[in-house]
Amino acid sequence: MGVKTQLDNRLRLCADFVRRGARAADIGTDHAYLPVWLCRNNICPSAIAADINPEPLSRGKLTIDAAELGDRVEARLSDGMQAIGENEADDIIIAGMGGELIADIIDRCPYAKSKAKHFILQPMTKSEVLTARLCANGFEIDAQDCCVSGGKCYTVLSVFYTGRAIKRDETYYYLGELDPRHNATHLRFVRSHIERLRKQAKGEARFAALADKLEAYCD
Ligand SMILES: C[S@@+](CC[C@H](N)C(=O)[O-])C[C@H]1O[C@@H](n2cnc3c(N)ncnc32)[C@H](O)[C@@H]1O
């Protein structure tokens, strides 16, 4: 099996947020492309490739073996961070899952509220639910970006616990730290929220007002 040397834009954007020198844990790793890439490119000295299911984890092991990185990347069966000790990872990536599941995984992590931990989160759906739950629980988004991969637009959040539970306007849950006025990819992502809200507005009128508010950030 050949070694995959390039990440797609979505995983590459996640990788771009990982701090150089950080020990990484990739939760829900599947093929382990991200932790292998981070170690091969010497961004991380070591990484844990974690998955709840044995089948994706065995795919991950194949990638690790093909890259001959078994001494630096460990494949581990874990439900969220349950099997990962507090002192094993600095940067925790949770990518390719729904926003609610990502929020649940963080809620269940006993050491998530450690200011030293850095979360890199890439929700496939419901980023607004994830952002709302992060804000309510004292986490802050220090940076956020978007990319297009395979024709779809994705967002990635860089998150730390600060302990400040800031009450935000509902629009923040959709916008986060994105800047749709000045960044065309951010605009595309926010427009996808607006389109979805317009559809939801057919059942519940308040979503129309929310979509209008978001439009005002796009002009
Ligand atoms: C769609 S894949 C995403 C793979 C990779 N992270 C990416 O973004 O391309 C989702 C993976 O998350 C795993 N998963 C789902 N729930 C999980 C949990 N609670 N803890 C760890 N892994 C989980 C699944 O088994 C699956 O391999």
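Which helix makes a right-handed β-α-β unit with E4 and E5? Select helix H4 (residues 99-107): with E4 and E5, H4 completes that unit. Right-handed here means that, with the strands pointing away from the viewer, the path from the first strand over the helix to the second runs clockwise. Helices (H or I, at least four residues) and strands (E, at least two) are DSSP runs, numbered from the N terminus.

Before going on, note that this is a predicted model, in which local features need pLDDT of at least 70, side-chain atom pairs count only at pLDDT 80 or more, and totals for chains, interfaces and linings use all residues. Residues are numbered from 1 along each chain as its sequence is written.

**Strand E4 and its partners**

Select E4, residues 91-97. E4 is largely enclosed by the rest of the structure, because 5 of its 7 residues are buried. A residue is buried if 20 or more other C-beta atoms lie within 10 Å of its own, exposed if 12 or fewer, and partly exposed in between, with C-beta atoms placed from the backbone.

Add strand E5 (residues 118-123), which runs parallel to E4 and is joined to it by 6 bridges. Strands pair if DSSP finds at least two bridges between them. Met97 has Pro123 of E5 as its bridge partner. Then add strand E1 (residues 24-27), which pairs with E4 in the parallel sense over 4 bridges.

**Asp26**

Asp26 lies in strand E1 and stands opposite Ile93 in E4. With 32 other C-beta atoms within 10 Å, Asp26 is buried. Leaving out residues up to four places away in sequence, Asp26 touches Leu34, Pro35, Ala47, Ala49, Ala50 and Ile93; contact requires C-beta atoms, placed from the backbone, within 7 Å. For a distance check, draw a line from the C-alpha atom of Asp26 to that of Gly80: the separation is 9.5 Å, across 54 residues along the chain.

**Strands E2 and E3**

Ala50, one of the contacts of Asp26, stands opposite Arg76 in E3. Select E2 and strand E3 (residues 73-77), which run parallel and are joined by 5 bridges. Show helix H3 (residues 54-66) as well: E2, H3 and E3 make a right-handed β-α-β unit.

**Cys14**

Go to helix H1 (residues 9-17), where Cys14 lies. Cys14 counts as buried because it has 28 C-beta neighbours inside 10 Å. Apart from neighbours within four places in sequence, its contacts are Leu34, Ile93, Ala95, Ile120, Gln122 and Val156. The C-alpha atoms of Cys14 and Leu157 are 8.4 Å apart, with these positions 143 residues apart along the chain.

**The ligand**

Centre on the ligand, which 17 residues surround; the closest are Gly28, Asp30, Pro56, Ala95 and Gly96. A residue belongs here if its C-beta atom, placed from the backbone, lies within 6 Å of the molecule. Strand E2 (47-51) and strand E4 (91-97) are the elements that give two or more residues to this shell, and E4 gives the most, with 3 residues. Colour the shell by class to see 8 nonpolar, 6 polar and 3 charged residues. Ala, Val, Leu, Ile, Met, Phe, Trp, Tyr, Cys and Pro count as nonpolar, Asp, Glu, Lys and Arg as charged, and the others, Gly among them, as polar.

**The two domains**

Zoom out and colour domain 1 (9-165) and domain 2 (178-219); these bounds come from an automatic or database domain assignment. Their C-alpha centres lie 27 Å apart. The contact takes 6 residues from each of domain 1 and domain 2. On the domain 1 side, strand E6 (139-149) and strand E7 (152-161) each give two or more residues, and E6 has the largest share, 4 residues.

How values were computed:
Contact = placed C-beta atoms within 7 Å.
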